[in-house]
Amino acid sequence: AASQAGLVNNLNDGVAWGLLPLLFAARGLPLAEIGLLAATYPGVWAAAQIATGGASDRVGRKPLIVAGMLIQAAALVGLAIGGTFAVWLVAAALLGLGTAMVYPTLLAAIADVAAPAWRASALGTYRLWRDLGFAIGAVGAGLAADRFGIPAAIVAVAALTAASGLVVLIRMRETVARR
């Protein structure tokens, strides 16, 4: 459950870096606004994960991962169907927040269940699957965008992201022991 969520999470990065700037340019945004939108997602992600990493120690891993994946899915839909800079800015910030909820928490969930003797191998295997998402996202979303258009490709990725969150909800056990 964690590895597929990591793959899909990074698949979203492929969309964010590859398709979103093209979408914004096609909608006529000036370069400065495209740059601000492109920076909002990783900026919010970087700042928020400082808090979400620690929060997962208190509230558990699973709730943050599931909520983060669903927030990312909603944000992607907002990015695909939005029509104004303000809507895209809010959606980009939500995409960053959702990613911040998922990214450090998945690593912590893997570390929780891996015995110290094989923790490095477990994290390496997880990272292989997670980082494969960059390539799959870029190629897959690009092919879908060529065939169906950029907004449809982004909505398809949003659906995949929501499905991934539901897989975590159903399949993943909470890894933080309740005190």
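Me: Which residues make the nonpolar surface patch of about 380 Å²?
Reply: The structure is a predicted model, and the patch described here is a nonpolar one on its surface, with an area of about 380 Å². The residues that make this patch are Leu70, Leu166, Leu169 and Ile170.

Me: Which helix gives the most to the nonpolar patch?
Reply: Isoleucine 170, one of the residues of the patch, has its place in helix α7. That helix covers residues 150–171 and contributes 3 residues, so that the most is given to the nonpolar patch by helix α7.

Me: Is isoleucine 170 buried or exposed?
Reply: A residue counts as exposed when its relative accessible area is over 50%. Because the relative accessibility of isoleucine 170 is 68%, this residue counts as exposed.

Me: Which residues does leucine 107 touch, not counting residues up to four places away in sequence?
Reply: Leucine 107 lies in helix α5, which covers residues 85–113, and at 29% relative accessibility it counts as partly exposed. Leucine 107 and tyrosine 126 are 19 residues apart in sequence, while their C-alpha atoms are 8.2 Å apart in space. With residues up to four places away in sequence left out, the residues that leucine 107 touches are Leu123, Tyr126 and Arg130.

Me: How many of the 17 residues of α1 are buried?
Reply: Helix α1 runs over residues 2–18 and reaches 24 Å from its first C-alpha to its last, close to the 24 Å expected at 1.5 Å a residue. Buried here means under 20% relative accessible area. Helix α1 is largely enclosed by the rest of the structure, because the number of its 17 residues that are buried is 13.

Methods
Residues are numbered from 1 along each chain as its sequence is written. This is a predicted model: local features need pLDDT of at least 70, side-chain atom pairs count only at pLDDT 80 or more; totals for chains, interfaces and linings use all residues. Side-chain values use heavy atoms; hydrogens and water are left out. Helices (H or I, at least four residues) and strands (E, at least two) are DSSP runs, numbered from the N terminus. The expected span of a helix is 1.5 Å times one less than its number of residues. Buried means under 20% relative accessible area, exposed over 50%, partly exposed in between (1.4 Å probe, protein chains only). Contact means heavy atoms within 4.5 Å. Patches are made of residues with over 30% relative accessible area and no salt bridge: like charges are joined within 9 Å, nonpolar side chains (Val, Leu, Ile, Met, Phe, Trp, Tyr) within 5 Å. Accessible areas come from the Shrake-Rupley method with a 1.4 Å probe; for residues, only the protein chains shown count as cover. A salt bridge is a side-chain nitrogen of Lys or Arg within 4 Å of a carboxyl oxygen of Asp or Glu.
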